[in-house]
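Work through the exercises below with the sequence and the coordinates open. Each task is followed by its solution in steps.

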Amino acid sequence: MNILAAKVLLVGGASLLAGGALAAPALSVGRVEVATLPFAKGEQLASATYTPSGRVLVAYQSSSDGDPRDLVLVTMKDDGSDLRPLFAGRIPDRPKDNGIRYMVFADDRRVFLGDFVLECEAALETCGSAKLIPVAYPPEVAGGEHIAHRWSEMVIAPDNRHVAWTTLFSNFSAALFTGELRREADGYRIVAPRVASNLEPFAKDPRHADGVIPLPVRGGEVKQFVHGGTALSLVGAVSRDLPDSVTQDLATGAVRAVTDTPGYTETTIFSPDERLGVTMTTRFSPQTDPAVLGLLPRPYPASLNMGLSMFAYTYAVTGVRTVREGNVGPALIDITASQQQDGYLGTNLGTEDGWVFNSPISWHPGSRKAMWVENRRGSAEKRIRIVQLPDYRPGPLVKARPTPVIKTGDASNMAIVPRLAEQSKATEVKVYGRVSGHIDYSRAGPLITKTYVAFSDDGINRYDGRESTRIEMGGLSTYEADVRLAGPKPGEMKLKVTFGPLAGERPSAIVFTPDAEGKPLSAGYAAYDGRRLEVAGLLP
């Protein structure tokens with residue numbers, strides 16, 4: 001490439017886990033080279049992604065002031081040469097859609113756009129007459145007053161047949177689904193749908209008549225089929241109140257953390273050998289990393305959540321893409337090291353100020369190159385970025401395996417979907433510790449509270465105190481915490497964070513001005529295991 005690459009050396013090293021086991025050292029990938037893929041000026045880039053053949057699928061508008069759905073799609077080499085047209089025309093909009101995504105099938109002949117499939121008889125790079133074929137979703141999610149968007153993300157399994165998607169409901173909740181994409185005479189239809197999310201967050205506590213047991217939360221926003229198509233990479237929460245990346249096994253429902261950082265980490269796309277990943281994260285941006293909210297691990301952060309994710313996202317991601325100086329990655333990670341090493345960060349791939357990561361992330365089939373899109377902060381200008389690992393020795397390609405059919409509970413009962421969307425968010429439960437104490441959790445209207453009373457699940461770590469969130473979508477929302485953790489890794493939260501409106505010129509700005517009593521609307525700290533973070537260290 002005719003552009004200077006930024007080179008970073010990723011150094012591996014072992015660390016001790018909490019249980020005393022020796023963690024695997026990080027892979028030595030050698031040089032990490034980040035560069036911009038040349039693309040013609042004067043055209044408005046929409047998206048770019050690697051194809052299974054190693055070429056790049058690019059979507060763009062002929063001009064920046066045209067219809068954003070009137071697009072040209074081409075394939076080209078990843079040095080910007082050998083452009084070959086694939087499609088030109090308008091992608092129709094449909095009620096309850098969620099824009100356009102570009103997910104290339106493993107057969108390299110089709111592209112899943114969300115509500116359409118772009119279909120070729122030959123490989124994409126030799127296709128001369130791509131057809132736009134409509135996709136019919138199951139009627140329970142296709143439309144209706146309970147649906148905000150029938151899909152938020154959608155992905156295709158390596159078997160070219162199974163799909164997964166996240167549906168957004170009109171009450172601001174969501175659910176994950178899987179199904180089979182079947183070609184019929186009039187288009188594609190998703191058949192045999194299954195619910196992959198939890199249907200209930202709690203079970204009755206057999207030891208306490210007034211208690212519940214929080215269940216593992218499954219079904220966050222979907223990002224990728226992994227492990228040959230037998231599992232999904234998702235947004236989830238395991239030990240923190242802010243999102244991390246997880247995998248969910250489709251056969252068993254088991255959820256495993258991929259990342260564990262106190263800030264905001266949302267997406268991990270695995271390399272074809274599944275040893276590396278590229279993830280969106282705020283970990284390299286201390287002035288906009290909301291880690292003060294997630295530094296102290298709390299029990300059951302997913303089922304007893306404090307509603308902080310939407311503020312963290314709009315502050316640290318939306319705000320950084322528009323007006324706030326900061327970084328949302330991406331980061332290159334060693335999957336095993338990320339799962340095993342405390343404090344593992346990987347390598348920052350967001351190397352230039354003023355440019356901010358955008359989806360999608362994709363990998364070259366050789367596992368030594370990955371690609372994503374960035375926008376210049378506050379503008380519609382985009383560019384294609386590539387990371388190359390010239391010294392890395394990939395492992396074997398993970399082969400496609402049969403995608404399991406989810407059989408647990410009411411997974412096949414799509415009649416429950418409208419009921420899921422109508423469920424009230426009002427919740428008041430008591431969770432007893434397995435050894436001592438309890439947690440009182442309440443969610444009613446705009447107020448969420450969580451009170452710890454000598455709560456301990458292991459007899460070693462004990463929580464006391466209270467945290468609360470008051471949500472005002474168009475006004476000032478406040479999170480307050482006075483929580484103490486006693487144990488081998490002690491910690492505490494004594495803070496108040498006031499967020500401005502989610503929308504507007506400065507999304508979810510942290511408000512530091514004084515209140516009527518002269519006290520700052522945002523102040524305080526969180527501490528855990530010898531690390532301390534101050535609210536004052538964050539940008540407004």
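Contact here means heavy atoms within 4.5 Å. The model is predicted.

**Exercise 1.** Locate Leu308, decide whether Leu308 is buried or exposed, and list its contacts beyond four places in sequence.

Solution.
1. Leu308 sits in the loop between β23 (276–281) and α2.
2. Buried means under 20% relative accessible area. Leu308 has 2% relative accessibility and therefore counts as buried.
3. With neighbours within four places in sequence left aside, Leu308 is in contact with Asp241, Leu242, Leu293, Arg298, Thr469 and Tyr479.
4. For one of these partners, Thr469, the C-alpha atom is separated from that of Leu308 by 7.9 Å, although the two residues are 161 residues apart along the chain.

**Exercise 2.** Place Tyr479 in the largest nonpolar core.

Solution.
1. This core has 61 residues, and Tyr479 is among those that touch the most other members, together with Val292, Leu293, Leu332, Leu349, Val387 and Leu495.
2. Helix α2 (residues 309–322) gives the most to this core, with 6 residues.
3. Residues up to four places away not counted, Tyr479 touches, among others, Leu293, Leu308, Met493 and Leu495.
4. Another core, of 39 residues, lies apart and includes Tyr137 and Val222.

**Exercise 3.** Which strands does β34 pair with, and how do they run?

Solution.
1. Strand β33 (residues 477–486) is joined to β34 (residues 491–499) by 9 bridges, and the two run antiparallel.
2. Between β33 and β34 there are 4 residues, and the pair forms a hairpin.
3. Thr478 has Thr498 in β34 as its bridge partner.
4. β34 is also joined to β35 (residues 523–528), antiparallel, by 6 bridges. Here Leu495 stands opposite Gly524 in β35.

Note on methods. Residues numbered from 1 in each chain as written. Predicted model: local features only at pLDDT ≥ 70, side-chain atom pairs only at ≥ 80, totals over all residues. Heavy atoms only, no water. Core = buried A, V, L, I, M, F, W, Y, C linked by side-chain atoms within 4.5 Å. Buried < 20%, exposed > 50% of the residue type's maximum accessible area, 1.4 Å probe, protein only. Pairing = 2+ DSSP bridges.
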